[in-house]
Each structure stands twice: as C-alpha cells, then as structure tokens.
Amino acid sequence: MKQSLRLGRVAGIPVGINWSVLVILVLITDIVAGNVLPRADAGRSTTLYWAIAIPTAVLFLASLLAHEGAHAAIARRRGLGVRSITLWMLGGVAQLDGEPPNARADFAIAAAGPLTSLVIGGVLLGGAQAAASLGTPAAIVAALAWTGATNVFLAVFNLLPGAPLDGGRILRALVWMRSGDRARGDRAATGTGQIMGAALAGGGIAELIFLGQTGGLWLMLIGWFLVWAAGSEAKARAVQEAAAGVRIRDLMVPEPECATAWRPVGEFIATVAARSRQSVFPVTGFDGLPCGVVTLARLSRVPPARAGDRVDSVATALPPDYAAAPDDPASSLVGRIPLAGALLAAVVADRRVVGMVTTDDLGRLVQQSLLRARSTPSPVE
Ligand SMILES: [Zn+2]
C-alpha cells in the first residue's frame with residue numbers, strides 16, 4: 001500500500017494515509033452530517049451538523065490508527081520491526097518486517113487490533129450513554145454512539161475467520177499452534193478467506209437483485225476484494241515456499257545476451273535481437289555492470305529513423321537493488337515489482353552479467369516444486 005500522504009511518525013513508525021482515505025473521510029462526514037445527526041436531533045442547522053460530523057470522521061480515522069497501532073505495538077514487543085502504518089479505504093495496514101517467530105506471537109499480533117477496536121467502541125458507547133444522562137445535546141450523543149458502534153462493527157468484521165482479515169491471521173495462528181505447521185495454517189486462512197469473500201459477494205449480488213438495495217454493491221465489492229486478496233496471499237505464499245533454500249544461480253537464465261549501452265539500436269537489432277532466443281536483454285555500461293533492460297517489444301517500436309540512437313536511449317533504467325549476486329537467496333525476489341520484460345534481477349559476478357531472472361523463472365520454480373511434491377511417493381497406508 002503506497003503512502004500518498006505522510007502524517008508523521010508515531011513512536012518512530014512512519015504513519016501515512018493513502019488518497020482513498022480522503023474519499024472515506026468525505027463519505028463518513030456526509031453520512032453523519034446528512035443522515036445520522038438529523039435523525040437523532042432534528043431541526044438544527046446544517047452548519048451545526050457539519051461542525052459535529054467533521055470531528056466525528058477524524059475521530060473514526062484516529063480509531064483506525066489505534067487499531068493498526070495496536071498490531072504494530074504488539075509486533076514490536078515480540079521483536080518484529082514495523083516498517084510503516086498506512087490507512088486506506090478499507091482500514092489500515094501495519095507493514096511488519098519479517099514473519100512472526102511463532103504461533104503465539106502471530107495470535108497476539110492479530111488479536112491486538114480487533115481487541116483495540118472493541119475497547120474503543122465500548123468506551124465511546126459508554127461515553128454516549130453518560131453524555132446523554134448529563135443532558136448533552138442529542139447530536140453529540142449520536143455522533144459518539146455512531147463512532148462507538150462503527151468501531152464494534154469494525155472489530156466484528158475484522159474477526160471474520162479468513163485471510164487477509166485479522167480473523168484469518170487468528171485462524172492461521174490457531175491451526176499453526178495445534179499442528180505445529182505454519183504452512184497448514186496459511187492454507188486454512190487463505191482457503192476460508194476465498195470462501196468467505198465469495199459468500200459476501202454472493203450475498204451482495206442477491207441483495208442487489210432480490211431486494212433492489214444498492215448497499216449490496218458495497219458487500220459485493222468487499223467480497224470480491226477479499227477473494228482477490230486471499231488468492232494473491234496464497235500465491236505469494238506458494239512462491240515463498242518454493243523459493244525456500246533456493247539460490248538465484250539455481251533459477252536464473254545463465255549467460256544471457258546483453259546489449260552494450262552505447263551501441264546503435266539498429267546494429268543491436270540486426271546482429272543480436274533479430275535472431276536471439278531471448279525477448280529481454282540486460283543493458284550494460286562501460287564498466288560491464290547492468291544499467292538497464294530492453295525488450296524485443298520496445299525495440300520493435302523504434303522507428304528506422306532512430307536506428308543510430310544508443311541502446312540505452314530506449315532502455316528502462318535498472319534500479320540498483322535489481323542487480324543480484326548468484327548466491328543471493330531466491331526468496332529475495334519474491335514480491336518484487338517486475339521491470340520491463342518481467343525482469344526481476346540481472347545477476348552479477350566478477351563485475352559482469354552472468355545471468356538474469358524474470359517472473360517466468362519464478363513461476364517455473366513454483367510449478368516444479370508442485371511437481372516434485374506430487375512425484376514424491378506417498379507412504380503406504
Ligand atoms: Zn487489524
């Protein structure tokens with residue numbers, strides 16, 4: 001999740017919000033000012049409703065932050081670093097550095113968020129009750145009660161037992177705790193996540209068709225999002241498992257044909273690209289080190305008039321962390337955003353390019369590990 005707006009640091013952790021939060025902020029203010037408050041305290045001025053609705057939306061955002069902060073705080077207590085906290089439309093994400101060391105830590109980190117939302121919800125609902133008995137204007141009481149109830153709803157929703165929700169992490173931790181097998185916990189959580197997402201989306205579609213209620217649209221979107229998120233988590237997990245113990249030299253394409261940066265494009269196309277079996281070429285500089293990547297597709301779009309241009313003028317630059325060593329773990333490539341031509345890394349040894357890795361190579365690694373698992377003779381029952 002990209003942080004579009006940095007809010008600052010809380011306990012040394014960078015906290016930011018994604019632009020989509022602004023949408024939710026406006027939406028919440030609109031719902032509270034236009035619906036919740038007029039219903040609870042009719043006949044007041046619109047200005048008053050908005051004057052209460054805006055701090056209510058901010059309070060809600062702060063409670064989301066507290067939820068993520070609780071995940072982060074417990075993760076830190078269990079020795080895990082926290083890279084950042086980002087709020088977005090459907091809640092927040094606390095980015096942890098690494099994986100929980102054991103099932104108990106996994107459980108504690110996952111449970112801390114919903115528990116915090118539940119406590120905040122309880123306190124706000126109690127506060128609303130107290131405020132009402134003290135004769136506070138009904139609009140303020142309603143704002144407190146609405147924020148409290150929304151926090152309770154948030155806690156309950158997040159406790160649904162499927163990845164990527166907190167309930168999915170709790171399920172994973174419990175299966176991990178009982179079986180001692182983390183991968184089994186992961187499969188359980190992503191599996192139920194997909195089923196649950198499909199059920200929510202189905203419910204949303206039914207609501208839309210049979211009840212004609214547009215609220216079904218939200219349910220449908222959230223359901224679809226859950227199915228997608230659980231699926232991509234399962235995929236990332238499969239790659240991570242397949243890459244365990246594998247080094248980059250074991251999966252790279254060795255000794256790829258490269259393009260020297262200063263060569264004319266036309267000459268490179270005629271002598272190398274037009275007859276090569278590669279569709280991706282690392283581009284190397286004067287020092288022999290990789291500095292970019294160029295694809296057949298890109299080369300085919302170079303107009304003949306530009307045949308005299310240097311290769312690097314049509315190449316995509318290679319970020320420094322996309323140069324890898326043959327002995328680097330393959331797992332370091334998991335989750336990396338592919339460059340042009342699906343390139344994940346140019347492999348360098350002795351100051352020259354000795355290999356390259358594309359997403360195809362990582363995909364092959366997963367397929368092969370699945371094949372190996374299948375061909376392992378199963379024990380006699
Ligand atoms: Zn959470």
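Helix α2 meets helix α3 through Leu 59, Ser 63, Ala 66, His 67, Ala 70, His 71, Ile 74 and Ala 75. On the α3 side, the partners are Ala 108, Ile 109, Ala 110, Ala 112, Gly 113, Pro 114, Thr 116, Ser 117, Ile 120 and Leu 124. Contact here means heavy atoms within 4.5 Å. By class, this contact of α2 with α3 has 12 nonpolar, 6 polar and no charged residues. Nonpolar covers Ala, Val, Leu, Ile, Met, Phe, Trp, Tyr, Cys and Pro; charged covers Asp, Glu, Lys and Arg; the others, Gly among them, are polar.

The model is predicted: local features need pLDDT of at least 70, side-chain atom pairs count only at pLDDT 80 or more, and totals for chains, interfaces and linings use all residues. Residues are numbered from 1 along each chain as its sequence is written, and side-chain values use heavy atoms, with hydrogens and water left out.

**The helices**

Two packed helices are described by the angle between their axes and the distance between the axes. Helix α2 spans residues 46-77 and helix α3 spans residues 103-133. Their axes come within 8 Å and cross at roughly 145 degrees. An axis is a line fitted to C-alpha atoms, for helices over the stretch in contact, and angles run from 0 to 180 degrees between N-to-C directions. The crossing of α2 past α3 is right-handed. A crossing is right-handed if the near helix is turned clockwise from the far one by less than a right angle, and left-handed if anticlockwise. Helices are DSSP runs of H or I with at least four residues, strands are runs of E with at least two, and both are numbered from the N terminus.

Is Asn 151 buried or exposed? At 0% relative accessibility, Asn 151 is buried. Buried means under 20% relative accessible area, exposed means over 50%, and partly exposed lies in between (1.4 Å probe, protein chains only). Asn 151 sits in helix α4, residues 138-158. Setting aside residues up to four places away in sequence, Asn 151 touches Ser 63, Ser 117, Ile 120, Gly 121 and Leu 124. Ser 63 belongs to the α2 side of the helix contact, and Ser 117, Ile 120 and Leu 124 belong to the α3 side.

Ala 105 lies in α3. Ala 105 is buried too, with a relative accessible area of 1%. Beyond its neighbours within four places in sequence, Ala 105 contacts Arg 78 and Pro 100. Ala 105 and Ala 259 are 154 residues apart in sequence and 49 Å apart in space, C-alpha to C-alpha.

**What the record says**

The unreviewed UniProt entry annotates a "transmembrane region" at residues 7-28, 48-67, 79-96, 108-126, 138-160 and 208-230. It also annotates "domain: Peptidase M50" over residues 56-126 and 139-184. Positions follow the numbering used here, feature names are shortened, and annotations may be inferred rather than shown by experiment. The table describes three of these spans in the model.

| Residues | Helix | Strand | End C-alpha atoms apart |
|---|---|---|---|
| 108-126 | 100% | 0% | 26 Å |
| 138-160 | 91% | 0% | 33 Å |
| 139-184 | 80% | 0% | 49 Å |

**The strands**

Strands of a sheet pair through backbone hydrogen bonds, either parallel or antiparallel. Two strands pair if DSSP finds at least two bridges between them. Here, 4 strands form an open sheet in the order β6-β7-β8-β9, with mixed pairing. The edge strands are β6 (259-260) and β9 (316-317), each pairing on one side only.

Strand β7 (residues 280-284) pairs with β8 in the antiparallel sense over 5 bridges. Val 283 has Gly 292 in β8 as its bridge partner. The hairpin of β7 and β8 has 5 residues between the strands, and Gly 288 takes a positive phi near 85 degrees. Strand β8 (residues 290-295) also pairs with β9, antiparallel over 2 bridges. Gly 292 bridges to Ala 317 in β9, and Val 293 stands opposite Thr 316. Since 5 of the 6 residues of β8 are buried, the strand is largely enclosed by the rest of the structure.

Strand β11 (residues 343-349) is also largely enclosed, because 6 of its 7 residues are buried. Strand β10 (residues 323-324) pairs with β11 in the parallel sense over 2 bridges. Ala 323 has Ala 346 as its bridge partner. Strand β12 (residues 352-358) pairs with β11 in the antiparallel sense over 6 bridges. Leu 343 bridges to Thr 358 in β12. The hairpin of β11 and β12 has 2 residues between the strands, and Asp 350 takes a positive phi near 50 degrees.
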